[in-house]
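Trainee: Before I rely on the words used for this model, I would like to see how each of them is justified.

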Amino acid sequence: MLDVQDLVVNYGAIQAIKKVSFTIHTGEIVTLIGANGAGKSTILHTISGIIRPTSGKITYRNHPIQREAAPKIVREGISQVPEGRHIFPGLSVQENLQMGAFIRKDRQNLAQAYAEVYHYFPVLKQRCHQDAATLSGGEQQMLAMGRALMSHPQLMLLDEPSMGLAPIFINEIFEIIRAINAAGTTVLLIEQNANKALAIADRGYVLAAGQIKLQGTGQDLLANQAVQRAYLGG
Ligand code: ATP
């Protein structure tokens with residue numbers, strides 16, 4: 001579904017991503033783990049068209065997207081759930097969800113999209129008329145995921161969904177990611193919580209200082225001693 005080849009991203013003189021290559025097959029959960037500053041968010045922003053790569057190719061369903069504008073990339077089926085949620089305060093939960101659907105031309109299917117989101121996140125239905133700013137951190141994460149689902153993505157990019165959440169919410173969020181994937185959405189999951197991310201991933205890549213250092217199945221990486229020492233507190 002997605003093929004990233006020799007991706008290089010510079011911020012001025014800083015080379016943040018140094019020839020990174022990886023693939024995502026349809027139906028997979030792929031995780032990219034790595035410490036603070038390893039370059040995870042930069043890769044996500046480059047796929048979603050927010051950052052232009054310096055060089056390299058990003059191929060989505062057999063066509064290059066590395067020069068495409070972000071709205072076009074969303075229309076083609078890639079939707080990002082940003083780090084820190086970035087929900088719209090002052091708008092209700094339902095209005096926030098509506099914002100996620102603004103690129104859709106098939107307005108007649110919106111009722112089904114809301115129903116799907118409320119199926120995964122019943123609490124959002126209970127609070128649909130509430131100002132989104134009054135939600136807890138975990139509920140805001142759910143809203144950010146629901147907003148991304150409203151565009152009916154084929155590939156969902158999740159940037160650190162567990163960050164800053166209480167353990168009970170973290171478990172719930174990971175279960176819901178698994179359920180969304182089981183229903184047919186391919187997932188690229190960026191996480192510092194390597195344990196949880198690798199446990200639900202089909203495959204994973206370990207990123208350090210802008211380069212991929214290791215790759216394997218989620219289970220292989222969980223069992224890898226270098227990964228355990230560096231990322232799993234082993
Ligand atoms: P985190 O988990 O802290 O979000 P990350 O793995 O997502 O980290 P990035 O945010 O992609 O890492 O950052 C990769 C590198 O690029 C870091 O060295 C960071 O300081 C640098 N960087 C990120 N954004 C910018 C920017 N806008 N301008 C300059 N340097 C940047």
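Mentor: In this predicted model, Met-142 belongs to helix H6, which covers residues 137-149.

Trainee: Why is Met-142 called buried?

Mentor: The relative accessible area of Met-142 is 2%, and the word buried is used for anything under 20%, so Met-142 is rightly called buried.

Trainee: Which residues is Met-142 in contact with, once its neighbours within four places in sequence are left aside?

Mentor: They are Phe-121, Val-123, Leu-124, Phe-169, Glu-172 and Ile-173; each is listed because it has heavy atoms within 4.5 Å of Met-142, which is what contact means here.

Trainee: How far apart in space are Met-142 and Leu-2?

Mentor: From C-alpha to C-alpha they are 25 Å apart, while 140 residues separate them in sequence.

Trainee: Turning to the whole chain, how many helices and strands does its secondary structure hold?

Mentor: There are 10 helices and 10 strands.

Trainee: What makes the chain as compact as a globular protein of its length?

Mentor: The globule rule gives 17 Å for 234 residues, and the radius of gyration of the chain is 17 Å, close to that value, so the description as compact follows. Along the principal axes, the C-alpha trace spans about 45 × 40 × 30 Å.

Trainee: What share of the residues counts as buried?

Mentor: Of the 234 residues, 51% do, and because buried means under 20% relative accessible area, each residue in that share falls below this cut-off, as Met-142 does with its 2%.

Terms used
Residues are numbered from 1 along each chain as its sequence is written. This is a predicted model: local features need pLDDT of at least 70, side-chain atom pairs count only at pLDDT 80 or more; totals for chains, interfaces and linings use all residues. Side-chain values use heavy atoms; hydrogens and water are left out. Helices (H or I, at least four residues) and strands (E, at least two) are DSSP runs, numbered from the N terminus. The radius of gyration is taken over C-alpha atoms; the globule rule is 2.2 Å times the number of residues to the power 0.38. Buried means under 20% relative accessible area, exposed over 50%, partly exposed in between (1.4 Å probe, protein chains only).
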